[in-house]
Amino acid sequence: MPPDDCNAPIPLTREELLDQDRRRLMLEAYPWLKALSDEELERSLTQTMRKHPEGADVWVFAYGSLIWNPTFAFTERRIAHVRGYHRRFCLRADMGRGTPERPGLFLGLDRGGRCGGVVFRIPAVQAQAELTLLWRREMLTGAYIPRWLRAETQGGTVPAIAMTINRAYSRYVGDWSKDETIRAIATAEGRFGRCSDYLFNTLEHLTEMGLRDRMLERTAAGVRRFLDR
């Protein structure tokens with residue numbers, strides 16, 4: 001079955017990230033995709049962890065699908081906010097939630113503002129294995145730059161890894177209009193399902209936690225109007 005068979009969405013699972021054969025088959029299905037090798041992913045993770053105290057638990061900040069489908073193991077979850085970045089549909093999705101012919105959009109953390117989400121705590125003894133899964137998922141193509149940000153929670157401020165958008169990446173889109181964004185999200189679909197569901201799921205989970213994102217609310221309203229036409 002082709003990976004982007006839109007009639008049968010396949011959610012991303014922990015098992016797929018662990019299974020090297022399934023991962024290899026997925027990459028082979030996208031010959032145009034410039035994916036980072038396992039060695040490059042390991043170097044990136046090692047470089048990121050150099051800024052973290054050895055033996056300390058690791059927090060990961062989630063602002064999109066990681067909120068409702070983290071795929072890594074964790075022992076604590078808190079509502080959190082980070083400053084200096086905001087959530088934005090700025091990454092063209094040619095796979096997963098779209099196709100090259102009809103791309104969707106993924107969220108990224110772009111510069112400026114403030115963003116609400118959650119932080120997950122990974123015990124230090126599990127950090128290497130669990131972060132490897134996170135890197136396989138989020139750092140596959142180099143679309144994101146992992147950064148340590150200060151995440152403010154009710155239990156105090158914690159340093160957390162956040163996947164910020166790489167503005168130099170070829171699929172970064174910082175100039176799409178509101179109408180282009182709505183059309184892409186409303187019409188795109190891929191291996192992981194409809195792009196509109198990605199938007200609605202993120203907004204639903206933020207709302208359940210008492211977090212508002214007016215950009216997501218406006219975009220969701222526009223997508224619903226588009227789908228109702």
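The following exercises, each with a worked solution, concern a predicted model.

**Exercise 1. Aromatic pairs across the chain**

Classify the geometry of the ring pair F72 and F120, and establish which parts of the chain the pair links.

*Solution.* Step 1: the structure holds 6 aromatic pairs, and F72 with F120 is one of them. Step 2: the ring centres of F72 and F120 are 5.5 Å apart, and the planes stand at 90°. Planes over 60 degrees apart count as edge-to-face, so F72 and F120 form an edge-to-face pair. Step 3: F72 belongs to the loop between helix 4 (65–68) and strand 2 (76–93), while F120 belongs to strand 3 (residues 104–122). The pair thus links distant parts of the chain, 48 residues apart. Step 4: buried means under 20% relative accessible area. F72, at 5% relative accessibility, is therefore buried, and F120, at 1%, is buried as well.

Step 5 extends the result to a further ring. F72, F74 and F120 are linked into a cluster by ring pairs.

**Exercise 2. A second edge-to-face pair**

Determine the geometry of the aromatic pair F89 and Y198, and state whether each partner is buried or exposed.

*Solution.* Step 1: the centre-to-centre distance between the rings of F89 and Y198 is 6.2 Å, with 70° between the planes, and the pair is edge-to-face. Step 2: because F89 lies in strand 2 and Y198 in helix 7 (residues 195–208), the pair ties together parts that are 109 residues apart in sequence. Step 3: F89 has 7% relative accessibility and counts as buried. Y198 has 5% relative accessibility and also counts as buried.

**Exercise 3. The largest pocket**

Describe the volume of the largest pocket, the elements that supply its lining, and the classes of the lining residues.

*Solution.* Step 1: the volume of the largest pocket is about 750 Å³. Step 2: its lining comprises 34 residues, and L12, F106, R137, E138 and F192 are those nearest the pocket centre. Step 3: at least two lining residues come from each of helix 1 (14–18), helix 2 (20–28), helix 4, strand 2, strand 3 and helix 5 (124–138). Step 4: by class, 20 residues of the lining are nonpolar, 5 are polar and 9 are charged.

**Exercise 4. The largest cavity and E138**

Identify the residues that line the largest cavity, and characterise the setting of E138.

*Solution.* Step 1: searching the whole structure yields 1 cavity of 30 Å³ or more. The largest cavity has a volume of about 40 Å³. Step 2: its lining consists of V60, F61, A62, Y63, L66, E138, I161, A162 and M163. Strand 1 (58–62) and strand 5 (156–165) each contribute at least two of the lining residues. Step 3: the lining has 8 nonpolar residues, no polar residues and 1 charged residue.

Step 4: E138 lies in helix 5. With 13% relative accessibility, E138 counts as buried. Step 5: the side chains of E138 and R137 are joined by a polar contact of 3.0 Å. Step 6: E138 is named both in the lining of the largest cavity and among the residues nearest the centre of the largest pocket.

**Exercise 5. The backbone at T71**

What is the sign of phi at T71, and where is T71 placed?

*Solution.* Step 1: most residues other than glycine have a negative phi. Step 2: T71 has a phi near 65°, which is positive in a residue other than glycine. Step 3: T71 is placed in the loop between helix 4 and strand 2. Step 4: T71 has 10% relative accessibility and counts as buried.

**Exercise 6. Residues of helices 7 and 8**

Assign an exposure class to R225 and to E204, and give the C-alpha separation of each from a named partner.

*Solution.* Step 1: R225 is found in helix 8 (residues 214–228). Its relative accessible area is 56%, so R225 is exposed. Step 2: R225 and I182 are 43 residues apart along the chain, and their C-alpha atoms are separated by 9.5 Å. Step 3: E204 is found in helix 7. With a relative accessible area of 42%, E204 is partly exposed. Step 4: from C-alpha to C-alpha, E204 and V119 are 17 Å apart in space, and 85 residues apart in sequence.

**Exercise 7. A charge over a ring**

Which ring lies beneath the charged end of R229?

*Solution.* The charged end of R229 sits over the ring of F226, at 4.1 Å from the ring centre.

Definitions and conventions: Residues are numbered from 1 along each chain as its sequence is written. This is a predicted model: local features need pLDDT of at least 70, side-chain atom pairs count only at pLDDT 80 or more; totals for chains, interfaces and linings use all residues. Side-chain values use heavy atoms; hydrogens and water are left out. Rings of Phe, Tyr and Trp (its six-membered ring) pair if their centres lie within 6.5 Å; planes under 30 degrees apart count as stacked, over 60 as edge-to-face and the rest as tilted. Helices (H or I, at least four residues) and strands (E, at least two) are DSSP runs, numbered from the N terminus. Buried means under 20% relative accessible area, exposed over 50%, partly exposed in between (1.4 Å probe, protein chains only). A charge sits over a ring if NZ of Lys or CZ of Arg is within 6 Å of the ring centre and within 35 degrees of the ring normal. On a 1 Å grid over the protein atoms alone, a cavity is a set of points where a 1.4 Å probe fits but cannot get out, and a pocket is an open set with protein on both sides within 12 Å along at least five of seven lines; lining residues have an atom within 4 Å of a point. Grid points are joined across faces, edges and corners, and a volume is the space filled by probe spheres set on the points. Ala, Val, Leu, Ile, Met, Phe, Trp, Tyr, Cys and Pro count as nonpolar, Asp, Glu, Lys and Arg as charged, and the others, Gly among them, as polar. A polar contact is a pair of N or O atoms within 3.5 Å; within protein, one must be able to donate a hydrogen and the other to accept it, and residues adjacent in sequence count only if both atoms are side-chain atoms.
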